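I sat down with this one to see how it is put together. Here are my notes, in the order I looked things up.

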Amino acid sequence: MKNPKIMPRPYQVECLDAISKAAESGLKRALVVMASGLGKTLTSAFVIEQFFAGREFGRVLVLCHSEVILSQSKDKFKSYFGEEYSYGMFTGHERAVRRTDFLFATFQTMKEHRKEFSKDLFSYVVVDEAHHSHARTYFPTIKYFKPEFLLGLTATPDRLDGQNIEEIYGEPVYKLDFIEAMSRGLLAECDYQLVLDDMSQEKLDECLKNDKKMPITQLNRTIFVPKRDEEIVRLIKQYSAEQLDSKTMIFCKTIEHARCITKMMGEDAVLVHKGQSSLTNDMALEAFRSGKIRAIVSVQMLNEGVDVPDANVIVFLRNTVSENIFYQQLGRGTRLFPGKTKVKVLDFVANCERIQAVLELKQRLDDFQINAISDGLTHGAGEADSREKFTLNIATPEFKVRTIDIFSLLAKVCAYFYSDETLIKDYYNKAQELGGRGPTQSEIDADPKMATATTYRNRFKTLENVAKMAGVPYVSYYYNDEELLQKLRDKAEREGKTTLTKRDILLDESMPNPDTYSNRFHGFGNALKLAGLEYGFVEPYSDEELIELYVKKSTQTNGEAPTTAEVDEDPDMPRSCTYLAHFKSWENLRKKSGLKRRTKDWVHATDQEILDVLIAKTKKDGRTPTSKDIKFDSSLPSFELIVKRFKSYDNALKLAGLIKSPRRKPIRSTKRAELTNERLIEAAANIVRTNRRPLTQSDLESTMSIAGYSAYRRRFGGIKAINDAVGTKRILAELQNDS
């Protein structure tokens with residue numbers, strides 16, 4: 001029974017009508033573009049109900065790249081369709097094997113297991129965050145299934161690599177982007193505060209007189225004087241205090257900067273980033289959702305699918321070259337919520353591109369509203385039309401004068417500023433001039449019509465990424481041999497060293513990649529030798545020096561043992577692999593350093609706390625952790641402690657629900673002659689009936705099997721051939737009919 005309390009909003013009715021017309025015209029696919037915060041998930045639920053109205057309900061597959069998004073989608077579908085339908089997850093650590101009406105699957109998992117499902121098993125397929133569809137991990141799954149109808153949902157259809165998702169879903173049958181949604185009053189009013197850093201008018205005037213080509217990053221460094229973190233945090237707290245029941249989301253560029261901001265924000269802030277365990281991130285996000293914590297600091301997370309509708313302060317401390325990501329992050333705060341009057345946006349990203357982008361956003365909103373009023377297209381926004389939806393404040397009194405100077409500069413030296421699309425197009429055109437190969441760094445810098453190679457690297461990380469997006473072969477050399485060797489000599493001289501390590505090179509953005517040296521000179525050591533530097537393996541640290549540096553690092557972690565990630569992120573520390581080579585395990589290092597165990601004294605932890613950590617590790621890695629995984633992760637309990645507490649590591653995995661039974665060496669028949677093909681097939685068929693799924697290699701190595709995988713492989717071939725010989729599809733079909 002559908003939940004009568006959940007009704008489609010007027011714009012969702014518009015979307016339903018558009019999809020219905022598309023289906024009536026014979027289309028079997030549709031693309032819906034709807035801004036973040038407008039309820040794409042519930043819209044898809046309404047569409048599915050409409051599709052199956054008056055007919056037998058078929059199975060539905062919901063695909064997405066994020067398990068978090070899928071989990072939220074499952075909850076919303078369940079709240080609408082009710083308990084009379086069944087729901088299952090098909091992800092890295094949770095795979096529903098029973099038949100369900102709704103199956104929520106990650107692309108990553110479904111790619112490996114899609115052929116276990118018949119192509120026409122699902123009547124309806126929904127692809128959430130459909131702008132990812134062209135990715136190698138996703139497209140094979142979309143192409144494999146043949147549903148009666150395919151629905152793609154996204155807030156941001158444009159891709160940086162130029163690939164068009166309309167090739168998969170067709171042109172959008174319904175489009176309600178951020179500009180129109182904001183103008184119609186469908187999103188929270190936005191008070192956008194562009195907090196500019198101080199500008200140097202003298203240097204700005206110098207740039208206006210100078211026709212020399214320079215990267216946009218150098219231009220920004222020349223014009224703007226950055227604010228200190230202390231001042232930024234003070235302003236965040238000041239502006240947040242102006243919001244009733246403020247809930248603040250802060251987007252940072254690096255983990256180190258995020259940690260610093262989190263610490264300065266105080267006890268009322270938590271940090272999420274991909275370097276932490278999923279359990280830690282989930283707990284932090286839940287504390288923020290529930291209101292126990294009022295601020296959350298993020299690095300490369302919270303862009304998509306995180307639903308915290310009462311978040312009412314958004315802080316940008318990082319620039320992004322992607323307009324999609326900008327709108328995704330802004331959309332975290334524009335969702336409507338009872339009692340929420342507006343979202344306050346604090347943008348500390350003061351540079352020429354950001355100023356221009358925000359002013360253009362404001363202009364687009366103003367133009368849309370003017371055109372809508374002149375054309376009589378209010379779209380039923382009602383009272384919302386009389387309010388100003390987006391106010392832009394710039395915290396610099398002289399900005400109106402200086403903004404003219406900035407854009408005069410951008411107009412005069414147009415080589416400074418390029419959109420991502422223009423950069424990729426110019427790179428492609430240059431490649432065509434060179435016979436189809438991607439240009440080198442020197443060839444880019446020598447072309448006055450192109451941006452500098454530094455601009456490309458700042459925007460896309462590497463020239464290899466640019467070549468991939470432009471669809472041309474990547475050229476792995478940027479310098480001739482002597483230029484490469486001279487850069488080694490110059491770096492060694494700058495740092496006062498007689499030799500260099502690969503890590504020295506990796507941490508210096510001005511240097512070529514160490515692999516370039518290895519490939520060009522047949523080894524990094526040879527490159528050092530040719531450059532006149534010391535070469536050969538030299539052990540740079542003694543055990544005592546390593547321990548001293550490790551203890552010193554612990555002063556930044558409240559006296560607790562630093563984790564592997566914290567060690568590797570610190571350019572002044574040896575790499576974690578160096579420590580493991582010396583001390584074999586992090587537990588040995590911790591004991592010899594005399595430091596406290598990280599985060600929790602695992603000796604006094606409960607059994608369930610240890611099992612929860614194993615579950616979280618499995619969820620993060622997408623597989624059951626091995627003993628080596630445990631030993632090499634300093635944030636986990638020691639392997640020895642787990643074995644001591646649970647008698648064996650396998651027992652711990654079983655109690656955590658990660659394996660069905662402790663793994664033991666299978667009992668095999670001693671008489672090979674008795675293992676006829678018929679006996680092997682019958683035994684394997686029993687395993688299929690028990691597990692109710694196709695055979696895997698591990699099934700044939702388990703105690704249920706009368707012979708190991710190698711014996712089956714000798715007789716029948718690979719795992720697919722074994723399943724064919726056993727008649728797995730037939731057995732599963734019979735089981736399904738019986739049920």
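**Helix 27 and its end.** I began just after helix 27, where G594 has a positive phi of about 70 degrees. For helices and strands I take DSSP runs, numbered from the N terminus: H or I over at least four residues for a helix, E over at least two for a strand. Before going on, a note on the source: this is a predicted model, so local features need pLDDT of at least 70 and side-chain atom pairs count only at pLDDT 80 or more, while totals for chains, interfaces and linings use all residues. Residues are numbered from 1 along each chain as its sequence is written, and side-chain values use heavy atoms, with hydrogens and water left out.

Which residues of helix 27 are buried? Across residues 586–593 I list W586, E587, L589, R590 and S593. Buried is under 20% relative accessible area, exposed is over 50%, and partly exposed is in between (1.4 Å probe, protein chains only). The buried set covers an arc of only 160 degrees around the axis, so these residues sit on the same side of helix 27. That arc is taken from the directions from the helix axis to the C-beta atoms. K591 and K592 are exposed on the other side of helix 27.

**Helix 35.** I ran the same check here. In helix 35 (residues 719–726), I722, N723 and V726 are the buried residues. Their arc is only 100 degrees around the axis, which puts them on the same side of helix 35. The spacing fits the textbook rule: an α-helix has 3.6 residues a turn, so residues three or four places apart point the same way. G727, just after helix 35, takes a positive phi of about 80 degrees.

**The sheet.** Next I traced an open sheet of seven strands, in the order 3-4-2-5-6-1-7, with parallel pairing. Two strands pair if DSSP finds at least two bridges between them. Strand 3 (87–90) and strand 7 (172–176) are at the edges with a single partner strand each, so one side of each has no neighbour in the sheet. On average, neighbouring strands of this sheet are turned by 15 degrees against each other, direction ignored. Axes here are lines fitted to C-alpha atoms, for helices over the stretch in contact, and angles run from 0 to 180 degrees between N-to-C directions.

I looked closer at one pair: strand 2 (residues 60–64) and strand 4 (residues 102–106) run parallel and are joined by five bridges. L63 has A105 in strand 4 as its bridge partner.

**Helices on the sheet.** Helix 2 (residues 40–51) packs on the sheet and touches strands including strand 1 (29–34) and strand 6 (149–154), with its direction at about 165 degrees to that of strand 6. Contact means heavy atoms within 4.5 Å. Helix 3 (residues 67–81) lies across strand 2, strand 3 and strand 4, at about 170 degrees to strand 4. I69 is in helix 3 and is buried, with 4% relative accessible area. Its C-alpha atom is 9.6 Å from that of T106, 37 residues apart along the chain.

**Cysteines.** How many disulfides does the whole structure hold? I found zero, counting pairs of cysteine sulfur atoms within 2.5 Å. C15 is buried at 0% relative accessibility, and C190 is buried at 2%.

**Overall tally.** I noted 36 helices and 16 strands, with buried residues making up 50% of the 739 residues.
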